[in-house]
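Welcome! Take a moment to turn the model around on your screen, and then let us walk through it together.

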Amino acid sequence: MERSSTTSGAGTRREATRQKLYEAAVTLIAEQGFSATTVDEIAERAGVAKGTVYYNFASKSVLFEELLRHGVGLLTASLREAAERTARDGGSKVDALDAMIRAGLVFIDRYPAFTQLYVAELWRTNRAWQSTLMVVRREAVAVVEAVLREGIDDGEFTDEIDVPLTAAALVGMVLVAALDWQAFQPERSLDDVHAALSRLLQGRVSGRP
């Protein structure tokens, strides 16, 4: 169904406003924690009226839940695009996994505050958005699982691979390595970190010497 230019323009403006609120919220919550961050502060940081926050999100908790959904959705899309691009170029499944590792590092380098929040929230069990977080995490890991299963079907990987655990381990490896890089080894370049993880992938997942 076609939308009028007026409706389309309003939707674009609303999306831009929501993006500003996401960026403001993730920065503030990374700096001072969820409980200490107020809606007033989010509105001020985003440069909008407080009512604009509530127009877009019913509460601060809903805003944060949607922030998690939005951020992990971007990560998932980046991983999927990397795998699909590799397939179009005729690369192997190991090449696809390697491209996904780089895509994950690029994402984390671009959104470090979001990544810190995401990893921290994975270990909390008393949050209203826990079920949403588990769903979006599952979607991201499923992209890696699909490549592993295709590799097994093609005979590129051994069928002894535990697909769910291996996929989760690869995603976790990228998240933890990237956060360690940014916090403790910032002098390293993204290429350095990718090369190190790539060598680990080549030796462990593909079974090459």
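**A guided walk through the chain**

A good place to begin is the part that carries an annotation: the unreviewed UniProt entry gives residues 15-75 the label "domain: HTH tetR-type". Keep in mind as you look that this is a predicted model. Within residues 15-75, 80% of the span is helix and 0% is strand, and the C-alpha atoms at its two ends lie 18 Å apart.

Now step back to the whole chain. How many helices and strands are there in the chain? The count is nine helices and zero strands, so following the sequence from start to finish you read the pattern α-α-α-α-α-α-α-α-α. The C-alpha trace spans about 60 × 45 × 35 Å along its principal axes.

How do the parts of the chain meet? Take the contacts between residues at least 6 apart in sequence: 65% of them join residues at least 24 apart. Of the 209 residues in the chain, 41% are buried. On the outside, the accessible surface comes to about 11400 Å², and carbon and sulfur atoms account for 52% of that surface. As for charge, the chain has 24 positive and 29 negative side chains, with the centres of the two sets 5 Å apart.

Next, let us follow one helix closely. Helix H7 runs over residues 130-153, and its 24 residues should span 34 Å at 1.5 Å a residue; the end C-alpha atoms are indeed 34 Å apart, so the expected and the computed values agree. Which residues of H7 are buried? Among them are Leu-133, Val-136, Ala-140, Val-143, Val-144, Val-147, Leu-148 and Gly-151. Looking at such a list, it helps to recall that an α-helix has 3.6 residues a turn, so residues three or four places apart point the same way. The buried residues of H7 pack against four partners: helix H4 (60-88), helix H5 (93-110), helix H6 (112-122) and helix H8 (163-184). After H7 comes Gly-155, which has a positive phi, near 85°.

Our last stop is Leu-201, which you will find in helix H9 (residues 190-204). Is Leu-201 buried or exposed? Its relative accessibility is 2%, and because buried means under 20%, Leu-201 counts as buried. Look also for Leu-97: although Leu-201 and Leu-97 are 104 residues apart along the chain, their C-alpha atoms are separated by 8.1 Å.

Key. Residues numbered from 1 in each chain as written. Predicted model: local features only at pLDDT ≥ 70, side-chain atom pairs only at ≥ 80, totals over all residues. Heavy atoms only, no water. UniProt positions renumbered as here; feature names shortened; annotations may be inferred. Expected span 1.5 Å × (residues − 1). Buried < 20%, exposed > 50% of the residue type's maximum accessible area, 1.4 Å probe, protein only. Contact = heavy atoms within 4.5 Å. Areas by Shrake-Rupley, 256 points an atom, 1.4 Å probe, with all protein chains shown as cover. Lys, Arg positive; Asp, Glu negative; His and termini not counted. Charge placed at Lys NZ, Arg CZ, Asp CG, Glu CD.
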